[in-house]
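Subject: The structure you asked about

Hi,

Here is the structure I said I would pass on. Have a look at it first, and then read on for what turned up.

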Amino acid sequence: MGDKDKPIECDNWEPPEETNCTAAGPQGTQVQEKVTNLRGRDGSEATEGSNLLNSREKKLQETPAGSHCLQRLRQALACPPHGLLGRGVTNVTMAVLLWAVVWSITGSECLPGGNLFGIIILLYCAVIGGRLLRLVKLPTLPPLPPLLGMLLAGFLLRNIPVICDSVQIQHGWSSSLRSIALSVILVRAGLGLDSKALKKLKGVCVRLSLGPCVVEACTAAILAHFLMGLPWQWGFILGFVLGAVSPAVVVPSMLLLQEGGYGVEKGVPTLLMAAGSFDDILAITGFNTCLGIAFSTGSTAFNVLKGVLEVAIGVATGVLLGFFIRYFPSRDQAPLALTRACLLLGLSVLAVFSSVRLGFPGSGGLCTLVMAFLAGMGWSDEKGEVEKIIAVAWDIFQPLLFGLIGAEVSIASLRPETVGSCVATLGTAVLIRILTTFLMVCFAGFNIKEKLFISFAWLPKATVQAAIGSVALDMARSHGEEQLERYGMDVLTVAFLAILITAPIGSLLIGLLGPRFLQKLERQDEDEVPGQTCVRL
């Protein structure tokens with residue numbers, strides 16, 4: 001056979017240099033294009049895969065923008081549905097299924113006018129209200145707290161004429177659900193206490209926790225006695241309801257500032273988050289003590305003695321239960337975190353409800369706080385897993401709590417003079433709190449702007465007010481005295497207005513003043529050495 005029939009060996013063949021491939025005329029141009037196409041973008045040898053990718057990229061570049069929109073529309077309307085449409089179908093199915101299962105068990109209770117029907121509708125509306133408020137995003141500002149949408153959802157359900165006839169919840173059901181939510185809040189507050197942070201921050205943390213809360217409580221008690229006509233016991237109940245700051249508003253805003261590096265150098269976000277827990281515990285303890293005194297019968301000295309006795313009983317019981325659940329369940333039992341969380345929640349609910357049954361209403365909340373705190377100290381690093389499970393329970397009861405608080409306030413029962421006195425009491429107490437906070441952080445190493453920021457950041461109220469604002473009203477209803485119910489309704493009205501006014505204003509003030517009043521931490525690269533200039537190409 002001739003040379004024409006011999007196979008050409010191409011294994012070691014390399015394309016000639018570009019200078020040798022250039023020829024005059026059209027033939028030279030074709031050769032040069034072929035050699036160029038044989039190489040990839042990085043100068044390496046072209047492969048079949050790289051040629052295929054290049055052809056796909058050219059096709060994508062040539063595809064018009066309208067086809068992308070059409071493709072997205074086809075994906076959204078695909079069968080079976082997926083993405084946003086699939087998620088919506090799933091959520092609607094779960095909601096209808098929940099109602100159908102409850103209806104099949106309870107019957108008329110889950111029909112319009114029944115208690116379970118009202119609870120389910122209230123839960124759905126509160127969740128939707130919180131989601132809608134999350135969609136409201138203002139530039140350079142933190143998001144508004146979702147609890148505000150939950151509160152407004154319950155308020156609208158109560159005051160829209162057509163809906164309020166179908167969505168009805170008896171006072172007993174409402175009170176029990178709010179008490180369970182209070183138990184969850186107390187457990188979270190007890191687990192959230194950090195003894196190391198208290199030792200680190202020392203004096204300024206103690207001053208910031210005690211001073212503003214006590215001063216605001218006393219101011220509100222005096223104003224409530226003279227402006228609203230409340231007895232002194234009820235005045236201090238109202239004062240301690242207002243005295244607590246809201247972790248649900250302060251903590252997310254502080255975390256945003258901390259991520260941006262604002263105030264980190266002097267520990268402003270850490271200080272506010274740590275002091276917030278102690279502030280809430282002081283307010284709840286003072287509220288429970290005053291509540292026990294207000295509903296006691298007998299002389300003033302006996303009532304004070306009974307209040308002290310309730311505190312002692314609550315602390316002692318909390319210590320015993322706290323040390324018990326430190327060691328039971330033991331570490332070899334699985335799932336350990338879930339068992340601990342269920343036991344802690346069960347004991348807290350039992351403490352809150354049984355204290356009312358036994359005639360010591362102020363001891364249940366304090367028992368729960370002490371128990372959760374001691375248990376968390378014993379669990380140390382394993383406490384985080386329990387807190388995650390408790391947070392899931394709070395995600396369920398949070399919309400119920402704020403929705404029920406909003407549903408307790410009726411426009412028809414509010415008198416203009418009552419609203420005016422409530423707003424005057426709230427506004428004056430908040431101003432006194434801001435001034436007291438400014439004085440408490442003096443001589444702590446902060447400049448004037450940081451002191452002003454801390455004073456305004458200590459303003460928002462929400463979680464504790466929703467949890468304990470209706471407890472006095474529930475106690476008054478159980479006693480069946482109309483005058484006590486009026487006092488309890490005044491306390492609840494002030495708590496509702498405090499959430500409605502201070503939560504959004506406090507969140508906006510933190511977002512506006514934080515980047516302007518706090519120093520931003522300048523982070524240097526690890527490769528850079530101070531005093532030298534690092535030039536990078």
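A residue counts as buried when its relative accessible area is under 20%. By that cut-off S179 is buried, because its relative accessibility is 17%. You will find S179 in helix α8. Leaving out residues up to four places away in sequence, S179 touches V352 and F353. I'll come back to S179 further down, since it also helps to line a cavity.

Before going on, please keep in mind that this is a predicted model.

How far to trust it

The mean pLDDT of the protein chain is 78, with 80% of the residues reaching 70 or more. The two ends are where I'd be careful. Residues 1-46 stay under 50, and the model has 26 contacts beyond four places in sequence for them. Residues 524-537 are below 50 as well, and that stretch has four contacts in the model beyond near neighbours in sequence. Where pLDDT is low, the predicted coordinates should not be read in detail. Among the elements, helix α1 (residues 25-38) has the lowest mean pLDDT, 45, while helix α10 (residues 232-242) has the highest, 92.

The overall picture

The chain has 21 helices and zero strands. Of its 537 residues, 42% count as buried. The accessible surface comes to about 29200 Å², and carbon and sulfur atoms account for 64% of that. If you take the contacts with a separation of 6 or more, 77% of them are between residues 24 or more positions apart.

One backbone detail to look at: the peptide bond joining F328 and P329 is cis, with omega about 5°. P329 lies in the loop between α13 (300-327) and α14 (336-357).

The core

The largest nonpolar core has 111 residues, and the members that touch the most others are W234, L272, F453 and I454. Helix α21 (residues 482-517) gives this core its largest share, 14 residues. What does L272 contact, apart from its neighbours within four places in sequence? The list is L208, V250, M254, F453, I454, A457 and W458. F453 and I454 are therefore on that contact list as well as among the core members that touch the most others.

Two buried threonines

T368 is in helix α15 (residues 363-379). Is T368 buried or exposed? T368 counts as buried, because its relative accessibility is 0%. Beyond its neighbours within four places in sequence, T368 is in contact with S183, L186, V187, S348, A351 and V352. V352 is also one of the residues that S179 touches. T368 and I185 are 183 residues apart in sequence, yet their C-alpha atoms are 9.8 Å apart in space.

T418 sits in helix α17 (residues 416-440). With a relative accessible area of 9%, T418 is buried too. T418 and T493 are 75 residues apart in sequence and 8.9 Å apart in space, C-alpha to C-alpha.

Empty space

Rolling a probe the size of a water molecule over the atoms shows where empty space is left. A search of the whole structure finds one cavity of 30 Å³ or more, and the space in the largest cavity is about 30 Å³. Which residues line the largest cavity? They are S175, R178, S179, L182, A467, S470, V471 and D474. Helix α8 (171-192) and helix α20 (471-479) each supply at least two residues of that lining, and α8 gives the most, with four.

The largest pocket has a volume of about 1200 Å³. Its lining is made up of 42 residues, and those nearest the centre are R188, P247, A248, V251 and P252. The elements giving two or more residues to the pocket lining are α6 (146-159), α8, α11 (247-260), α12 (268-294), α16 (383-408) and α19 (463-468). The largest share comes from α12, with nine residues. Helix α8 therefore turns up in the lining of the largest pocket and in that of the largest cavity.

If you open the model, S179 could be a handy place to begin: this residue is in α8, counts as buried at 17% relative accessibility and belongs to the cavity lining.

Cheers

Note on methods
Residues are numbered from 1 along each chain as its sequence is written. This is a predicted model: local features need pLDDT of at least 70, side-chain atom pairs count only at pLDDT 80 or more; totals for chains, interfaces and linings use all residues. Side-chain values use heavy atoms; hydrogens and water are left out. A nonpolar core is a set of buried Ala, Val, Leu, Ile, Met, Phe, Trp, Tyr and Cys residues joined through side-chain atoms within 4.5 Å. Buried means under 20% relative accessible area, exposed over 50%, partly exposed in between (1.4 Å probe, protein chains only). Contact means heavy atoms within 4.5 Å. Accessible areas come from the Shrake-Rupley method with a 1.4 Å probe; for residues, only the protein chains shown count as cover. pLDDT is the predictor's confidence in each residue, from 0 to 100. On a 1 Å grid over the protein atoms alone, a cavity is a set of points where a 1.4 Å probe fits but cannot get out, and a pocket is an open set with protein on both sides within 12 Å along at least five of seven lines; lining residues have an atom within 4 Å of a point. Grid points are joined across faces, edges and corners, and a volume is the space filled by probe spheres set on the points.
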